[in-house]
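Reader: I have a new model open and would like to walk through it with you. Could we take it one region at a time?

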Amino acid sequence: MVSSVYLTHPEVVVDPKVPVSDWGLNSAGSARTRANAHRFKGMERIVTSTEQKARDAGVIIAESCGIPFEALPGFGENDRSATGYLPEIEFWPVVEAFFAKPDESARGWKTACEEQTRIVTSVTAALTEQNVPTLFVGHGGVGSLLFAHLANHPIGEKSTLSNGMGRAFGFNLSGITRPWHDLEDH
């Protein structure tokens, strides 16, 4: 079975005046991606979220490795449009509620169960369409939901959470082949 990698985008420019989906990588996130892009040379395809930060990382890796790149719907972060930007002091308690009660909406966000179904369906469809080693560049929230599904663990279990930006895990559709690790350790 083909082994793929899921990578969360590295650090971003946080600007409350700009929609979260339009935030790009900051200089540290871009530098981390450039410095470690070579680590993905074994991949044959890159699929990213349509959000700017994931596309930024995907383009850097694609250009460095000569891998085809595409941004597809269905790979975005969990839908937080009900609240939009939240300052950190408000954001993290909502994230905790999102994972702690996966069948309930946290402040109007889609539920973790709904978002898990979306990301699992999107990844499965992409790998069914082209059964090649694929680098998925996305987000920590939905990446954690995908990891939980593939590891057959409950949503929100500590070992399934990405715990930071620029984190990756290896997988195939049968399960996890390498647990969460830093981009630099790939």
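## A walk through the model

Author: Happy to, and one reminder before we start: this is a predicted model. Let us begin with a serine: Ser144 lies in helix H5, residues 140-151.

Reader: Is Ser144 buried or exposed?

Author: The cut-off to keep in mind is that buried means under 20% relative accessible area. Ser144 has a relative accessible area of 3%, so Ser144 is buried.

Reader: Which backbone atom does the side chain of Ser144 reach?

Author: Setting aside neighbours within four places in sequence, Ser144 is in contact with Phe99, Thr160, Leu161, Ser162 and Trp180. One of these partners also offers a polar atom: at 2.9 Å, the side chain of Ser144 reaches the backbone nitrogen of Ser162.

Reader: How far apart in space are Ser144 and Thr8?

Author: Along the sequence, 136 residues separate Ser144 and Thr8. In space, taken from C-alpha to C-alpha, the two are apart by 9.6 Å.

Reader: Now for the helix pair. How is H4 oriented relative to H5, and why?

Author: Two packed helices are described by the angle between their axes and the distance between the axes. Helix H4 (residues 112-129) packs with H5 at an angle of about 75°, and the axes are 9 Å apart. Angles of 65 to 115 degrees count as roughly perpendicular. That angle therefore makes H4, relative to H5, roughly perpendicular.

Reader: How many residues in the contact of H4 with H5 are nonpolar?

Author: H4 contributes Ala112, Glu115, Gln116, Arg118, Ile119, Val120 and Val123, while H5 brings Val142, Leu145, Leu146, Ala148 and His149. Two of the residues in this contact are polar and two are charged, and the nonpolar ones number eight.

Reader: Let us step to the loop between strand S4 (134-138) and H5. Which side chain is joined to that of His139 by a polar contact?

Author: His139 has its place in that loop and counts as buried, at 1% relative accessibility. Beyond four places in sequence, His139 touches several residues, including Tyr6, Thr8, His9, Phe75 and Glu77. The side-chain polar contact, at 2.9 Å, joins His139 to Ser49.

Reader: What is phi of Asn152, and what is phi of Asn163?

Author: Asn152 has its place in the loop between H5 and strand S5 (167-172), and Asn163 lies in the loop between H5 and S5 too. Asn152 is exposed, with a relative accessible area of 71%, and Asn163 is exposed at 59%. Neither is a glycine, yet phi is positive in both. For Asn152 phi is near 60°, and for Asn163 phi is about 55°.

Reader: Turning to helix H1 (residues 27-36), why do the buried residues lie on the same side, and what arc do they cover?

Author: In general, an α-helix has 3.6 residues a turn, so residues three or four places apart point the same way. The buried residues of H1 are Gly29, Ser30, Arg32, Thr33 and Asn36. They are on the same side of H1 because the arc they cover around the axis is only 160°.

Reader: Which helix is among what covers the buried residues of H1?

Author: On the other side of H1, Ser27, Arg34 and Ala35 are exposed. The buried residues have a cover that includes helix H2 (52-65).

Reader: One last point: at the start of H1, which backbone nitrogen does a side-chain oxygen of Asn26 reach?

Author: The side-chain oxygen of Asn26 comes to within 3.0 Å of its partner there. That partner is the backbone nitrogen of Ala28.

How values were computed. Residues are numbered from 1 along each chain as its sequence is written. This is a predicted model: local features need pLDDT of at least 70, side-chain atom pairs count only at pLDDT 80 or more; totals for chains, interfaces and linings use all residues. Side-chain values use heavy atoms; hydrogens and water are left out. Buried means under 20% relative accessible area, exposed over 50%, partly exposed in between (1.4 Å probe, protein chains only). Helices (H or I, at least four residues) and strands (E, at least two) are DSSP runs, numbered from the N terminus. The arc is that of the directions from the helix axis to the C-beta atoms. Contact means heavy atoms within 4.5 Å. A polar contact is a pair of N or O atoms within 3.5 Å; within protein, one must be able to donate a hydrogen and the other to accept it, and residues adjacent in sequence count only if both atoms are side-chain atoms. Axes are lines fitted to C-alpha atoms, for helices over the stretch in contact, and angles run from 0 to 180 degrees between N-to-C directions. Angles under 35 degrees count as roughly parallel, over 145 as roughly antiparallel, 65 to 115 as roughly perpendicular and the rest as oblique. Ala, Val, Leu, Ile, Met, Phe, Trp, Tyr, Cys and Pro count as nonpolar, Asp, Glu, Lys and Arg as charged, and the others, Gly among them, as polar.
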